[in-house]
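Student: Could you walk me through this structure, one question at a time?

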Amino acid sequence: MGDKGWFFDGARGSLPKDPLYGFTYLRELYLKADPSFEGRFTVPVLWDKKAHTMVNNESSEIIRMLYSEFDAFVPEPYREVNSPGGGLYPEHLRKEIDEMNEWVYNTVNNGVYKCGFAGKQESFDENVYPLFESLDRLEGILAAHGKPFLFGDHITEADVRLYTTIVRFDVAYHSVFQCDLKSIRHDYPHLHLWLRRLYWDESEKTGGAFHKTTAPWIGLYATGYANARARVTKSQAAVIVPRGPAVLVEPLAESEKL
């Protein structure tokens with residue numbers, strides 16, 4: 001991300017330009033969809049190549065679209081309707097998943113940003129304690145049922161949404177955003193095991209998706225968030241990037257695998 005927002009740069013195997021229109025900045029896609037748009041140019045974006053417009057830019061809604069609206073185009077054995085446990089959003093758990101998503105988003109997914117981008121001590125304190133109260137709550141849920149996933153034996157949307165924050169926690173949020181009351185690897189044994197099982201799994205349960213989409217970038221999170229924090233807080237000091245932890249994601253013993 002630069003002064004004009006998200007951009008294509010071709011770094012680390014990514015595309016140097018938008019493949020449809022040759023745009024360099026994400027903002028150009030927003031303005032193509034709506035030339036009068038004056039909001040924030042955020043990611044992710046789901047784009048309709050035929051209608052040449054934006055379908056959605058809200059991650060929680062895009063997640064559900066990908067495993068519902070496109071299910072008919074997936075080979076039958078991999079379709080959501082045929083997934084063990086009823087898929088990522090099984091009907092009998094929808095109320096509970098929605099309830100968890102709400103408090104996890106407000107205090108954990110978004111909570112780390114409220115801390116990291118706080119402009120005054122009072123704002124930081126107002127959010128850092130609820131963040132760790134929720135992490136304590138999640139730890140308690142996993143400890144109580146002793147199952148591999150938040151809702152038991154099968155992965156759900158709640159696991160997917162929480163993963164993105166937990167995998168970045170020790171490598172970026174703990175140090176760069178000063179969310180340092182506790183760390184995942186040292187203070188939350190059940191959350192730590194849950195994280196490592198998802199990250200390292202290569203079985204048919206995840207298809208290795210978590211590792212494939214995280215491993216190439218996990219070493220860059222601290223740098224990215226340190227620069228973002230400097231921009232948002234308008235810091236005049238040099239950007240200092242933490243160099244730890246030495247092990248980004250700790251290994252998984254054979255006996256701990258899913």
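Tutor: Gladly, and let's start with a term: helices (H or I, at least four residues) and strands (E, at least two) are DSSP runs, numbered from the N terminus. By that numbering, His52 lies in the loop between strand 1 and strand 2. Please keep in mind that this is a predicted model.

Student: How many residues lie between strand 1 and strand 2 in their hairpin?

Tutor: Strand 1 covers residues 46-48 and strand 2 covers residues 53-56, and the two pair in the antiparallel sense over three bridges. Within that pairing, Leu46 stands opposite Asn56 in strand 2. The two strands form a hairpin, and the number of residues between them is four.

Student: What is the phi of His52, and is His52 buried or partly exposed?

Tutor: Most residues other than glycine have a negative phi. His52 is not a glycine, yet its phi is positive, at about 55 degrees. Its relative accessible area is 41%, and buried would mean under 20%. His52 is therefore partly exposed.

Student: Which residue in the segment after helix 10 has a positive phi although it is not a glycine?

Tutor: Look in the segment after helix 10, where Lys234 is found. Its relative accessibility is 63%, so Lys234 counts as exposed. The residue with a positive phi of about 55 degrees, although not a glycine, is Lys234.

Student: Which residue does a cis peptide bond join to Pro44?

Tutor: Most peptide bonds are trans. Pro44 lies in the loop between helix 1 (26-33) and strand 1. The bond there is cis, with omega about 0 degrees, and the residue it joins to Pro44 is Val43.

Student: And what is omega for the cis peptide bond of Gly244 and Pro245?

Tutor: Pro245 has its place in the segment after helix 10. A cis peptide bond joins Gly244 to Pro245, with omega about -5 degrees.

Student: Let's turn to the helices. Are helix 6 and helix 10 roughly parallel or roughly perpendicular?

Tutor: Helix 6 (residues 157-173) and helix 10 (residues 221-233) have axes 9 Å apart and pack at an angle of about 70 degrees. Angles of 65 to 115 degrees count as roughly perpendicular. That makes helix 6, relative to helix 10, roughly perpendicular.

Student: In which sense does helix 6 cross helix 10, and how many charged residues does their contact have?

Tutor: The crossing of helix 6 past helix 10 is right-handed. Arg168, Val171, Ala172 and Tyr173 in helix 6 meet Tyr221, Ala222 and Tyr225 in helix 10. By class, this contact has six nonpolar residues and no polar ones, and the charged count is one.

Student: How many nonpolar residues are in the contact of helix 5 with helix 6?

Tutor: Helix 5 (residues 121-145) packs against helix 6 at an angle of about 110 degrees, with axes 14 Å apart. The two are therefore roughly perpendicular to each other. Leu131, Phe132, Leu135 and Leu138 in helix 5 meet Leu162, Ile166 and Phe169 in helix 6. No polar and no charged residues take part in this contact, and the nonpolar count is seven.

Student: What about helix 6 and helix 8: how many nonpolar residues does their contact have?

Tutor: The axes of helix 6 and helix 8 (residues 189-200) come within 11 Å and cross at roughly 100 degrees, so these helices are roughly perpendicular. Asp159, Leu162, Tyr163, Ile166 and Val167 in helix 6 meet Leu191, Trp194, Leu195, Leu198 and Tyr199 in helix 8. This contact has one charged residue and no polar ones, while the nonpolar residues number nine.

Student: Is Glu157 buried or exposed?

Tutor: Glu157 lies in helix 6. Beyond its neighbours within four places in sequence, its contacts include Ile63, Arg64, Tyr67 and Leu88. The C-alpha atoms of Glu157 and Pro90 are separated by 9.3 Å, although the two residues are 67 apart along the chain. With a relative accessibility of 0%, Glu157 counts as buried.

Student: One last residue: is Glu58 buried or partly exposed?

Tutor: You will find Glu58 in the loop between strand 2 and helix 2 (59-68). The C-alpha atoms of Glu58 and Leu46, 12 residues apart along the chain, are separated by 8.8 Å. The relative accessible area of Glu58 is 33%, which means that Glu58 is partly exposed.

Technical notes. Residues numbered from 1 in each chain as written. Predicted model: local features only at pLDDT ≥ 70, side-chain atom pairs only at ≥ 80, totals over all residues. Heavy atoms only, no water. Axes fitted to C-alpha atoms, helices over the stretch in contact; angles between N-to-C directions. Parallel < 35°, antiparallel > 145°, perpendicular 65-115°, else oblique. Left-handed = near helix turned anticlockwise from the far one by under 90°. Contact = heavy atoms within 4.5 Å. Nonpolar A, V, L, I, M, F, W, Y, C, P; charged D, E, K, R; others polar. Pairing = 2+ DSSP bridges. Buried < 20%, exposed > 50% of the residue type's maximum accessible area, 1.4 Å probe, protein only.
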